[in-house]
Amino acid sequence: MLLCQISDLHIKANGQLAYGVVDTVSMLERCVQRIRTLPQQPDAVIATGDLVDLGTAAEYGLLRELLAPLSQPLYLLPGNHDERAALRASFPDHHYLNQCDPFIQWSVDDYPVRIIGIDTVLPGSGAGQLCQQRLSWLDQTLSAAPDRPTIVAMHHPPFVTGIGHMDKIGLDGIDGLAKVLTRHAQVERVIAGHLHRSITARFAGTVASVCPSPAHQVALDLSIDAADQFVMEPPGFQLHWWSGSQLVTHTACVDLAEGPFPFRENGKLID
Ligand SMILES: [Fe+2]
């Protein structure tokens with residue numbers, strides 16, 4: 001099984017650039033094209049929030065068009081830039097979005113690894129929240145299939161990253177989530193977004209990871225006083241490959257670089 005994760009697309013309508021700089025529409029087009037031409041096609045694609053920038057119907061309509069070339073099943077989660085109602089309205093055929101109303105939480109059981117999406121949105125805030133209702137749903141959903149390897153996906157990562165201005169809009173409810181996850185050893189990974197960088201941390205007996213953005217990345221400044229800034233580092237996405245016994249994650253660049261070049265000639269390393 002190969003799961004492709006994209007995150008923090010921040011699509012804007014009417015040709016607007018994000019923060020006056022980032023052409024998020026053309027950058028997602030490039031990312032979709034890259035995914036379509038991967039040598040191994042993913043079985044599914046998951047988008048872990050900040051799908052659009054302002055949560056408008058026009059943005060979600062454009063997002064739908066941009067993601068349409070993907071042939072795989074697509075699973076969506078909201079981030080702090082999203083609006084649940086507008087997201088649902090633009091993807092009415094995505095019935096899984098209604099499994100846990102009012103929250104957008106869902107489980108998908110169609111693959112060797114079960115995928116559970118969790119809603120960390122706190123409306124009106126950049127920060128995230130996991131309330132008791134959401135955590136109870138997660139606990140019950142995990143209890144229903146204790147022997148199935150599982151990925152738990154959400155927008156806000158469940159750890160402090162060191163990038164001060166992002167940690168100020170971090171996740172409330174991390175301890176509660178840790179209590180739930182430590183009861184369910186089948187959780188192979190917590191995958192998240194929000195940070196627009198590739199980040200990994202040990203968490204609650206599993207591994208928690210953050211996917212880079214196909215658009216802008218948050219500046220790498222591990223200071224509590226880090227300025228609220230982004231950089232145009234190479235855009236990326238992730239491929240989570242299930243080996244049959246282990247989840248292995250590859251971070252991929254959207255843009256192709258020079259190569260590939262051979263290591264060997266006539267069976268010998270090129271000197
Ligand atoms: Fe974002």
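The iron ion is held by four protein donors, Asp8 (OD), His10 (NE2), Asp50 (OD) and His196 (NE2), which lie 2.1 to 2.2 Å from it, where donors are N, O and S atoms within 2.8 Å of the metal (3.2 Å for Na, K and Ca), and since water is not among the atoms, sites may look incomplete. I should say at once that this is a predicted model, in which local features need pLDDT of at least 70 and side-chain atom pairs count only at pLDDT 80 or more, while totals for chains, interfaces and linings use all residues. Residues are numbered from 1 along each chain as its sequence is written, and side-chain values use heavy atoms, with hydrogens and water left out.

In sequence, the donor residues of the iron ion follow the spacing D-x1-H-x39-D-x145-H. Distant parts of the chain are linked here, because aspartate 50 sits in the loop between strand E2 (44–48) and helix H2 (57–67), and histidine 196, 146 residues apart from it, sits in the loop between strand E9 (187–192) and strand E10 (199–203); helices (H or I, at least four residues) and strands (E, at least two) are DSSP runs, numbered from the N terminus.Are these two residues buried or exposed? Aspartate 50 is buried, with a relative accessible area of 2%, and histidine 196 is also buried, at 4%, where buried means under 20% relative accessible area, exposed over 50% and partly exposed in between (1.4 Å probe, protein chains only). For the protein chain as a whole, buried residues make up 55% of the 271 residues, and there are six helices and 17 strands.
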